[in-house]
Amino acid sequence: MPSRPGPSAADPQRRRWLAGAARAAAGAGLLGLVDPLVRAGAWAAGSDAPETPEVRIGFIPLTDCASVVMASVLGIDKKYGVRIVPSKEASWAAVRDKLLNGELELAHVLYGLVYGLQMGVGGPRKDMAALMSLNQNGQSITLSRQLLQAGARDGESLAGLMAKDKRDYGFAHTFPTGTHAMWLYYWLAAYGIDPLRDVRAITVPPPQMVANMRVGNMDGFCVGEPWGARAILDKIGFTACTTQQIWPDHPEKVLGATAEFVQRNPNTARAVTAAIIEAGQWIDASPENRRKTAETIAARAYVNTDAAGIIDRMQGRYDDGAGRQWDDEHPMRFYGGGEASFPYLSDGMWFLTQQKRWGLLKDHPDYLAVARQVNRIDVYRQAAQAAGATLPATEMRKSTLIDGTVWDGGNPAAYADGFKIKAA
């Protein structure tokens with residue numbers, strides 16, 4: 001939708017939101033960086049104006065909440081006539097419940113959680129919307145120092161250790177239908193370990209992972225950063241695998257809402273999506289912006305950890321805690337030239353295939369129809385136009401995963417059924 005002409009800079013309302021953006025940016029030490037963004041922004045008014053001028057967006061303390069936080073801190077949200085209020089939540093179950101009961105309008109949320117609700121697993125059945133992908137990459141699987149000392153350095157050596165030592169092994173993820181459960185299960189299965197029969201899987205909120213490993217509640221976990229890096233800094237674990245090693249440039253969190261909210265508030269949905277797209281553009285634009293972002297989200301109100309535990313992996317610099325360092329070819333991306341933020345249909349379909357693979361779904365759904373309903377590419381395209389974002393050429397993409405299987409969305413039922421290790 002074309003932008004409407006707005007009032008001049010002398011208009012009192014415009015002066016107020018410019019001042020508010022400046023105050024927010026100054027508080028984060030970002031005034032010189034955000035002022036050109038604010039001055040160049042669009043004005044949402046008239047029929048384009050958001051129906052809900054203030055929205056609460058739930059988030060979990062993870063590095064990949066960054067674009068939601070920065071859209072607010074930088075004042076980018078005000079360019080689109082909306083105020084984003086980030087709301088820190090304790091667990092993904094809390095995010096789910098608050099989205100469903102209306103305490104939150106939108107959320108930084110697990111891709112698979114949104115699809116689980118759409119299908120009636122992992123929570124009550126509810127029509128949902130994924131407005132955009134918030135990031136790609138940047139999660140990891142951590143194993144305990146005890147496993148390292150016993151000879152488990154990666155998936156292959158872990159499988160060898162488990163074949164010899166038949167004790168009970170426990171691994172944690174963050175939500176049964178979520179991304180971390182799917183990454184963990186996929187990785188274990190790629191090395192012949194059945195995640196449903198060979199290990200004990202538990203659910204732990206992201207900020208509690210390190211504390212639970214410290215007291216011996218699990219042998220490993222899959223979670224978003226900075227908690228993998230935190231386990232290394234605290235000398236209780238090491239990175240056995242990054243999730244981008246499982247699937248280079250994989251989808252991760254989405255901007256989620258109920259379909260009902262989007263239907264009632266289409267302008268708000270578009271405005272918030274545009275603001276967060278632009279925040280992702282800003283984060284990805286330079287190493288300095290990433291450093292500023294890490295320092296901002298490290299605050300107690302957000303991730304509540306040392307910035308040193310965020311910045312390296314946010315910049316793509318990895319130390320696995322077991323003697324290996326590298327610059328990752330697939331670091332966490334928030335915009336990625338428009339590819340990281342686009343809600344590809346094939347990405348949503350992939351989570352359905354894994355939910356079917358592991359028995360969360362008993363029957364094959366109409367994979368493409370569900371993805372077209374949930375992934376609101378129509379809203380994204382409008383928001384991308386407002387934010388000046390690049391659109392990919394297609395709504396599907398092709399990827400090769402760690403076990404050599406190729407996913408392109410072409411035959412999802414055969415793909416889901418084709419794995420050797422899966423639910424009975």
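The following exercises, with worked solutions, concern a predicted model.

**Exercise 1. Packing of helix 14 and helix 15**

Determine how helix 14 and helix 15 are oriented to each other, and state which residues make the contact.

*Solution.*
1. Locate the two elements: helix 14 spans residues 266-284, and helix 15 spans residues 287-297.
2. Take the computed geometry. The two helices pack at an angle of about 115°, and their axes are 6 Å apart.
3. Classify the angle. Values of 65 to 115 degrees count as roughly perpendicular, and helix 14 and helix 15 are therefore roughly perpendicular to each other.
4. List the residues in contact. Helix 14 contributes Trp 282, Ile 283 and Asp 284, while helix 15 contributes Asn 289, Arg 290, Lys 292 and Thr 293.
5. Sort the contact by class: three residues are charged, two are polar and two are nonpolar.

**Exercise 2. The surroundings of Phe 261**

Establish whether Phe 261 is buried or exposed, and identify the residues that it touches.

*Solution.*
1. Place the residue: Phe 261 belongs to helix 13, which covers residues 259-264.
2. Compare its accessibility with the cut-off. Because buried means under 20% relative accessible area, Phe 261, at 11%, is buried.
3. Find its contacts. Leaving aside residues up to four places away in sequence, Phe 261 touches Thr 52, Val 55, Glu 105, Leu 106 and Thr 268.
4. Relate sequence to space. Leu 99 and Phe 261 are 162 residues apart along the chain, and their C-alpha atoms are separated by 9.7 Å.

**Exercise 3. Backbone geometry in three loops**

For Pro 226, Lys 235 and Asn 304, describe the backbone feature and the loop that holds each residue.

*Solution.*
1. Recall the general expectation: most peptide bonds are trans, and most residues other than glycine have a negative phi.
2. Examine Pro 226. A cis peptide bond, with omega of about 15°, joins Glu 225 to Pro 226. Pro 226 is found in the loop between strand 8 (220-224) and helix 11 (227-233).
3. Examine Lys 235. Although Lys 235 is not a glycine, its phi is positive, at about 60°. The residue sits in the loop between helix 11 and strand 9 (237-242). Exposed means over 50%, so Lys 235, at 68% relative accessibility, counts as exposed.
4. Examine Asn 304. Its phi is also positive, near 65°, in a residue other than glycine. Asn 304 lies in the loop between helix 15 and helix 16 (308-314). With a relative accessibility of 45%, Asn 304 counts as partly exposed.

Definitions and conventions:
Residues are numbered from 1 along each chain as its sequence is written. This is a predicted model: local features need pLDDT of at least 70, side-chain atom pairs count only at pLDDT 80 or more; totals for chains, interfaces and linings use all residues. Side-chain values use heavy atoms; hydrogens and water are left out. Axes are lines fitted to C-alpha atoms, for helices over the stretch in contact, and angles run from 0 to 180 degrees between N-to-C directions. Helices (H or I, at least four residues) and strands (E, at least two) are DSSP runs, numbered from the N terminus. Angles under 35 degrees count as roughly parallel, over 145 as roughly antiparallel, 65 to 115 as roughly perpendicular and the rest as oblique. Contact means heavy atoms within 4.5 Å. Ala, Val, Leu, Ile, Met, Phe, Trp, Tyr, Cys and Pro count as nonpolar, Asp, Glu, Lys and Arg as charged, and the others, Gly among them, as polar. Buried means under 20% relative accessible area, exposed over 50%, partly exposed in between (1.4 Å probe, protein chains only).
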